[in-house]
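Visitor: I am new to this structure and would love a close look at one part of it. Could you take me to the place where the two domains of the first chain meet, and then show me what lies around it?

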Amino acid sequence: MKHYSYYPGCSAEATAIPLGISVLPVAKALDIDLAELEDWNCCGSTPYNSVNKVEAGAMAARNLALAEKTGLDLVTPCSNCYVVLASANTHLKELPAFREQVNEALAAGNLTYSGGVRVRHLAEVLYTDITPEGISSKVTKPLKGLKVAAYYGCQLVRPNGFDDPEAPHSLDEMVTSLGADAIPWEMKAHCCGSSLIMSEPDVALELINKILKNAQKHGAQCLVTPCPLCQINLDAYQSQVNAKFKTNYNLPVLFVSQLIGVALGIPAKELALSKNIVSPMRVLAPYL
Amino acid sequence: MAETMVEAPAAEMSFIDEVCSVPGGEAIRSCIQCGICTGSCPTANNWDYPPRRAIAMVRAGLREELLSSNSMWFCASCYTCTVRCPRDIKPADIMHALEVLAVRSGLSTKHSRTPVMYQCFVDSAKGNGRVYELGMMIKLFLKTNPFSALKLAPVGLGLFLHGRMPLKPTRIKGMKDFKAIMDKARKLGGGK
């Protein structure tokens with residue numbers, strides 16, 4: 001059993017709840033102990049870092065300080081939380097004046113952070129610590145014949161990635177380890193527009209359309225992604241893309257944990273498959 | 001490279017020093033204007049001044065013109081520019097630094113909804129210790145264009161019907177200490 005401190009992130013409890021739900025039984029089946037970080041707070045995300053750096057630093061650092069007490073690596077399934085917490089960690093290590101200010105703020109809540117935490121993405125833990133071979137050894141329902149487009153999005157692999165930042169392969173290897181076919185396609189690490197979907201929807205919808213179009217062109221039956229923002233954009237906004245671009249995509253977008261769960265024989269309910277907007281039941285039926 | 005400080009700058013500080021003083025903005029002086037950032041940017045065609053030009057404007061001291069533009073607010077933080085930059089200046093982080101300076105100077109553009117969205121997010125995260133997505137979106141629509149919410153209503157309804165849009169926010173337990181930390185950080189960071 002491998003032990004980690006677990007940081008779900010806000011969306012894993014709301015708009016990305018299929019992620020929050022499905023991670024737990026999958027971790028259990030793979031002998032991963034995810035001990036949820038006690039009373040974690042929002043990482044601050046990109047918005048806070050674009051408004052006030054010291055406040056954003058304090059917000060991220062409260063989590064890092066709490067995690068430091070556990071002595072474990074801090075693991076998050078959210079690509080945005082991962083980038084924000086990892087960047088704050090780097091700034092706190094490399095910029096002494098910034099660290100001093102953030103620690104002064106933390107002291108007001110009786111906390112301190114000395115820079116000892118390693119921030120990791122759950123997908124990287126699955127790839128590096130559990131390995132595709134390790135996952136493969138637990139597969140009970142091989143996803144034979146399922147054509148999957150592994151969609152990395154941006155922040156899993158950029159700027160601090162463990163994989164090639166523009167031609168990544170780790171998710172493809174994990175998809176293959178489940179018995180499925182990882183289709184080759186060009187848009188696997190292109191941007192979905194992230195939160196611009198709320199403020200500049202036309203810009204984001206165009207980016208989402210390019211990704212869905214490319215996946216469909218290469219024969220994908222579904223997409224799989226680790227990122228909450230990417231999943232929401234590609235899944236919940238697919239109908240908006242269809243309306244705007246006169247397309248008729250019907251491409252389920254699964255979280256990596258959901259797809260692994262199906263191959264490990266975990267019941268659909270425990271993987272929250274009914275909470276995906278574009279239903280994945282049709283393409284997954286042969287394996288459930 | 002200017003010494004890294006976080007405090008609001010003195011009036012005589014040059015624009016480029018000001019950018020250098022924000023965490024993430026330090027390396028801007030190494031830019032060679034090759035343009036790979038602009039060529040890599042998936043949203044560059046929407047920017048008043050695309051990334052390469054924005055960086056040149058920092059060096060030319062065109063502070064008000066740049067900080068009041070829509071440019072950096074179109075950065076989706078995809079970091080393609082950052083991994084391709086041959087001088088390792090981290091253009092995406094520089095765009096975030098420019099956003100911080102625009103907010104601090106009260107120059108954020110009214111022609112993009114992104115600054116308002118970011119502020120709604122920050123208020124929500126600070127208010128509960130966790131972000132409450134539905135509350136944040138309602139506030140964004142009320143503050144910008146309430147009618148545009150109609151277009152997105154089916155998406156919101158879909159999320160709600162699939163159990164992905166809770167009607168109540170989650171609050172952290174340690175609100176008192178959290179608030180003390182954030183109040184202190186606000187004072188140290190020169191925030192309002």
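Guide: Happily! Let us start right at the meeting place: 22 residues of domain 1 of chain A are in contact with 23 residues of domain 2 of chain A, where contact means that the C-beta atoms of two residues, placed from the backbone, lie within 7 Å. On the domain 1 side, the elements that give two or more residues are α1 (17-29) and α4 of chain A. The largest share of that side, nine residues, comes from α1(A). By class, the domain 1 side has 15 nonpolar, seven polar and no charged residues. Here Ala, Val, Leu, Ile, Met, Phe, Trp, Tyr, Cys and Pro count as nonpolar, Asp, Glu, Lys and Arg as charged, and the others, Gly among them, as polar. Element names follow DSSP runs, numbered from the N terminus: helices are H or I with at least four residues, strands E with at least two.

Some background will help. This is a predicted model, in which local features need pLDDT of at least 70 and side-chain atom pairs count only at pLDDT 80 or more, while totals for chains, interfaces and linings use all residues. Residues are numbered from 1 along each chain as its sequence is written, and chains are lettered from A and ligands numbered from 1 in the order in which they are written.

The domain assignment of chain A gives domain 1 as 2-121 and domain 2 as 139-287; such bounds come from an automatic or database domain assignment. The centres of the two domains, taken over C-alpha atoms, are separated by 25 Å.

Now follow α4(A) into domain 1. The axes of α3(A) and α4(A), residues 79-94, come within 9 Å and cross at roughly 95°. Axes are lines fitted to C-alpha atoms, for helices over the stretch in contact, and angles run from 0 to 180 degrees between N-to-C directions. The two helices are therefore roughly perpendicular to each other, a label for angles of 65 to 115 degrees (under 35 is roughly parallel, over 145 roughly antiparallel, the rest oblique). On α3(A), the contact is made by G57(A), A60(A), A61(A), N63(A) and L64(A). Their counterparts on α4(A) are V84(A), L85(A), A88(A), N89(A), H91(A) and L92(A). This contact has seven nonpolar, four polar and no charged residues.

On the domain 2 side of the chain, look for the open sheet, four strands in the order β6-β5-β7-β8 of chain A with parallel pairing. β6 (181-182) and β8 (253-255) stand at the edges with a single partner strand each, so one side of each is left without a neighbour in the sheet. Strands pair if DSSP finds at least two bridges between them, and two bridges join β5(A), residues 147-150, to β6(A). In one of them, V148(A) is partnered with A182(A).

Another helix pair is α9(A) and α11(A), packed at an angle of about 95° with axes 10 Å apart. Here L205(A), I208(A), N209(A) and L212(A) in α9(A) meet Q238(A), Q240(A), V241(A), K244(A) and F245(A) in α11(A).

Finally, chain A also has a partner: 57 of its residues are in contact with 59 residues of chain B. The elements giving two or more residues to chain A's side include α3 (53-70), α9 (201-217) and α11 (238-245).
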